[in-house]
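Visitor: Could you walk me through this one? I would like to start with how the helices pack and then look at a few single residues.

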Amino acid sequence: MLQSILSHTPGYVWVILGFLLYRGITASATRERDFKNVFIIPVLMLGLSLQGIDHSVGLHSMAPWFWLGGAAIATSLVLKFSDARAVTAHPQRGSITVRASWLPLAMMLAVFVCKYVVAVSLATHPQYSSATGFMVIVCAAYGLVNGVFIGKLLLAARAYHLAGDKLALA
């Protein structure tokens with residue numbers, strides 16, 4: 001069965017996985033990034049999650065609310081417990097320095113695996129698309145993972161904004 005699942009996986013899925021692995025591995029080293037590029041992965045993960053919800057259970061009814069609940073919980077936890085020193089902003093150069101972390105790779109793979117498992121589940125059991133429990137779990141899981149990306153993005157934006165304010169006052 002596993003061989004059948006893997007052989008029926010479209011080629012573009014493996015390209016997406018390769019891109020996510022590349023971006024996640026580069027995040028494992030401290031690096032300076034153009035501030036605009038900080039938005040790429042969170043926006044990509046948001047798109048993948050919403051597309052996954054739309055294709056699995058639809059964006060109707062309560063589905064977006066469960067996603068939003070998961071995202072709100074994870075975002076607030078990231079904002080509360082993350083180390084603000086993980087990001088150093090350089091507004092004069094339009095960049096930020098991000099401390100090395102394996103968390104982005106883990107989160108990107110979590111979205112990928114979630115989408116893959118949901119797709120396989122629905123291909124083998126189409127009735128799941130109308131099961132309330134399935135919808136709640138899928139939407140909350142996507143929301144939790146996206147909340148981590150949103151929280152990290154907000155931390156970077158706050159650091160950049162604060163550094164810009166200090167620069168303007170100097």
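**Helix packing and two residues**

Guide: The axes of helix 2 (residues 11-26) and helix 5 (residues 103-124) come within 8 Å and cross at roughly 165 degrees. Axes here are lines fitted to C-alpha atoms, for helices over the stretch in contact, and angles run from 0 to 180 degrees between N-to-C directions. Helices (H or I, at least four residues) and strands (E, at least two) are DSSP runs, numbered from the N terminus. This is a predicted model, in which local features need pLDDT of at least 70 and side-chain atom pairs count only at pLDDT 80 or more, while totals for chains, interfaces and linings use all residues. Residues are numbered from 1 along each chain as its sequence is written, and side-chain values use heavy atoms, with hydrogens and water left out.

Visitor: Helix 2 and helix 5, are they roughly parallel or antiparallel to each other?

Guide: Helix 2 and helix 5 are roughly antiparallel; angles under 35 degrees count as roughly parallel, over 145 as roughly antiparallel, 65 to 115 as roughly perpendicular and the rest as oblique.

Visitor: Which residues in helix 2 and helix 5 meet?

Guide: From helix 2 there are V13, W14, I16, L17, L20, L21, R23 and G24, and they meet L105, M108, L109, F112 and Y116 of helix 5, where contact means heavy atoms within 4.5 Å. By class, the residues of this contact divide into 11 nonpolar, one polar and one charged. In that scheme Ala, Val, Leu, Ile, Met, Phe, Trp, Tyr, Cys and Pro count as nonpolar, Asp, Glu, Lys and Arg as charged, and the others, Gly among them, as polar.

Visitor: And helix 3 with helix 5, at what angle do the axes cross?

Guide: The axes of helix 3 (residues 40-56) and helix 5 cross at roughly 15 degrees and come within 10 Å, which makes helix 3 roughly parallel to helix 5. The residues of helix 3 in this contact are I41, M45, L48, S49, Q51, G52, H55 and S56, and those of helix 5 are M108, V111, K115, V118 and L122. This contact has seven nonpolar, five polar and one charged residues.

Visitor: What about helix 2 and helix 3, which residues make the contact?

Guide: Their axes come within 12 Å and cross at roughly 145 degrees, with F19, L20 and R23 of helix 2 and I40, I41, L44 and M45 of helix 3 making the contact. Six of these residues are nonpolar, none polar and one charged.

Visitor: Switching to single residues, is V148 buried or exposed?

Guide: V148, which is found in helix 6, counts as buried because its relative accessibility is 14%; buried means under 20% relative accessible area, exposed over 50%, and partly exposed in between, with a 1.4 Å probe and protein chains only. Not counting residues up to four places away in sequence, V148 touches A74, V78, L103 and M107. V148 and I73 are 75 residues apart in sequence, yet 9.1 Å apart in space from C-alpha to C-alpha.

Visitor: And where does P126 lie?

Guide: P126 lies in the loop between helix 5 and helix 6 (132-169), and P126 is exposed, with a relative accessible area of 51%. Its C-alpha atom is separated by 9.2 Å from that of S56, 70 residues apart along the chain.

Visitor: Last topic, the whole chain: how many helices and strands?

Guide: The protein chain has six helices and three strands, running α-α-β-α-α-β-β-α-α from the N terminus on. Of its 170 residues, 38% count as buried.
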